[in-house]
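The following paragraphs guide a reader who is new to this structure. They take up aromatic rings, the build of one chain, a contact between chains and a few backbone details in turn.

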Amino acid sequence: MFFRPNMHVEEFEAAALPHLEDLYRTARLLAHDPSEAEDLVQEVYLEAWKSYHRFEPGTNCRAWLFKIMFHRLHHFRRRWIKAERIQPFESQQQDNIMADPEVPEEIRDGDILQALERVPIEFREIVMLADVEEFAYKEIAATLRIPLGTVMSRLSRGRKLLRQQLAAVARSYGIGQEQPRQRQGESA
Amino acid sequence: MNVMRFDTQQCERIRRQLDAYLSNELLVETTSDVLRHLEGCEACSRELESRTKLRDALRKAAPSQLPPERLRQTIHQNLRKTQPGFWAKLETRNWVLAVAMVTVVLCAAVLGQRWYHLQQRRRLVANILSLGVSDHLHCAIQGHHYPDVANPPEQLRKKLGPEYAGLLGVVQQKLPDFQVLEAHICSVPGSPRKYIHFITRGRGTILSVILTKRGGVSLPGGRLLLAGVSGGVPLYHARLSGMEVVGFQYKDYLGFAVSDLGRNEMLQVAEGLAPALETGLSAGSESEDLGITIFRPRALQWRESSGA
């Protein structure tokens, strides 16, 4: 009577393990290296199993697991996350100078992942949740425990930063270096 | 596409909504506005195309981060090593029930303990009141050591001695319906305790008023144990051996009123007697040795000697 029936690990695995790839993918893009991402995902599953009695069957298990992951991630942020932050003033300048740079014609997987790594974590996590994991704004707000308006503004800024970083990566390969001159020439 | 001219402000407004449009988070009406604008604005369409391309590229690149197979195995093993604890298995709603049950059990335990202590103290009161009842039964009822016609007061005062002679008047005054037949100092076989015993008759029965030194005996305190309070003197009641007894306690003495009258009648009697006897006792000087001959009923003396 007092105990939740069928607290079997098989039931938990059936509900939670299908989301392993999604969790690992996000963890991999937010943590320093693969081993840290693996540790994080392991911790998420152990914590989820321990608190599985609180999970209501029929609700979104994937969103629940992501919520646990980001809770842990934020808890250990200093240890886990690459804290490469762009200074507000500097980023403002870059926004003005590099407003809406062209997206390269050919985008290699490595380039865009490299560009994503350069985006500050608070914007990167929202871009990941919205554009890769395809969570709705409300789900993201619940997962990260931030207001809906913050989700919208950070996503907009995150996408812009990603675009700028991708352009920077492309320029480092010598792609698109002529564009600013052309534009100057046009305006002149 | 019909290319139309839009002002810069309109394009800026639409571009601010492109992120939400891309995430399919716009309201239907707003989506229609954006679509209408995009149909006629080549620049904004190119911008949307760029943003879509970037998102699709990211979506395509991210799945390359596949978990190693050993991670799945490690998680599988770890889950089997770790079982949810006892408390985790409890249903949340049952926590409330469990806490309520524990509270009820604790309350029952506390109340039970209090009831047990109360019963213990009641037994102690009954044991102390039985001192008065035993003297009344042995001396007055079974021994019948009182005359049919009351002894003269002078003789009774002499029997009581100078310390307690004054109490005779108190008893006579406070029990107007009763006649004091006998007053003496007596004891009960097997006990060194001495009793100042007034045997009275009235209302068709015999009533004893008895005083004895406390000798370390103390009636326990507690509102629930009291039958009443008169003039600041707490009164205790019990029914023992077919007799109603009301007891009261002074600084150095215990007092009893014992008879087979009803409870309320006895309490009325005791209410009048208890404060008056206390005053009477404090008027006389106490002495360890009463200095007079102890009255010992013949029947009891015989029992003592035959027992020996």
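Two rings of Phe, Tyr or Trp are taken as a pair if their centres lie within 6.5 Å, the six-membered ring being used for Trp. In this predicted model, one aromatic cluster is formed by F12(A), Y45(A), W49(A), Y52(A), F55(A) and W64(A). Across all chains, a search of the whole structure yields 10 aromatic pairs. One of them joins Y52(A) to W64(A), with ring centres 6.3 Å apart and planes at 40 degrees, an arrangement described as tilted. This pair links distant parts of the chain, since its members stand 12 residues apart: Y52(A) is placed in the loop between α3 (34-50) and α4 (61-75) of chain A, whereas W64(A) belongs to helix α4 of chain A.

Are these two residues buried or exposed? A residue is counted as buried when its relative accessible area is under 20%. Y52(A) is therefore buried, at 4% relative accessibility, and W64(A), at 17%, is buried as well. Chain B offers a further example: the ring centres of F248(B) and Y250(B) are 5.8 Å apart and their planes meet at 45 degrees, so this pair is tilted. Both F248(B) and Y250(B) are buried.

Aromatic rings in chain A also have charged neighbours. R62(A) is positioned over the face of F135(A), 4.4 Å from the ring centre. Likewise, R157(A) lies over the face of F123(A), at 5.5 Å from the ring centre.

The setting for these details is the build of chain A, whose secondary structure consists of 11 helices and 0 strands. Of the 188 residues in chain A, 50% are buried. Among contacts in chain A with a separation of 6 or more, 77% are between residues 24 or more positions apart.

The description now turns to a meeting of the two chains. Two packed helices are described by the angle between their axes and the distance between the axes. How do helix α8 of chain A and helix α3 of chain B cross, and at roughly what angle? The axes of α8 (residues 121-132) of chain A and α3 (residues 42-61) of chain B come within 10 Å and cross at roughly 90 degrees. Angles of 65 to 115 degrees count as roughly perpendicular, and α8(A) and α3(B) are therefore roughly perpendicular to each other. On the side of α8(A), the residues involved are V127(A), A130(A), D131(A) and V132(A), which meet R55(B), L58(B) and R59(B) of α3(B). By class, this contact comprises 4 nonpolar and 3 charged residues, with no polar ones.

Some backbone details complete the picture. Most residues other than glycine have a negative phi. E134(A), which is not a glycine, has a positive phi near 60 degrees. E134(A) is found in the loop between α8 and α9 (137-144) of chain A. In chain B, R203(B) is not a glycine either, yet its phi is positive, at about 50 degrees. The loop that holds R203(B) runs between β2 (194-202) and β3 (205-213) of chain B. With a relative accessibility of 40%, R203(B) counts as partly exposed.

Another loop residue of chain B is P176(B), situated between α8 (166-174) and β1 (179-187). P176(B) is exposed, its relative accessible area being 65%. Although P176(B) and G202(B) are 26 residues apart along the chain, their C-alpha atoms are separated by 9.0 Å.

Terms used:
Residues are numbered from 1 along each chain as its sequence is written. Chains are lettered from A and ligands numbered from 1 in the order in which they are written. This is a predicted model: local features need pLDDT of at least 70, side-chain atom pairs count only at pLDDT 80 or more; totals for chains, interfaces and linings use all residues. Side-chain values use heavy atoms; hydrogens and water are left out. Axes are lines fitted to C-alpha atoms, for helices over the stretch in contact, and angles run from 0 to 180 degrees between N-to-C directions. Helices (H or I, at least four residues) and strands (E, at least two) are DSSP runs, numbered from the N terminus. Angles under 35 degrees count as roughly parallel, over 145 as roughly antiparallel, 65 to 115 as roughly perpendicular and the rest as oblique. Contact means heavy atoms within 4.5 Å. Ala, Val, Leu, Ile, Met, Phe, Trp, Tyr, Cys and Pro count as nonpolar, Asp, Glu, Lys and Arg as charged, and the others, Gly among them, as polar. Rings of Phe, Tyr and Trp (its six-membered ring) pair if their centres lie within 6.5 Å; planes under 30 degrees apart count as stacked, over 60 as edge-to-face and the rest as tilted. Buried means under 20% relative accessible area, exposed over 50%, partly exposed in between (1.4 Å probe, protein chains only). A charge sits over a ring if NZ of Lys or CZ of Arg is within 6 Å of the ring centre and within 35 degrees of the ring normal.
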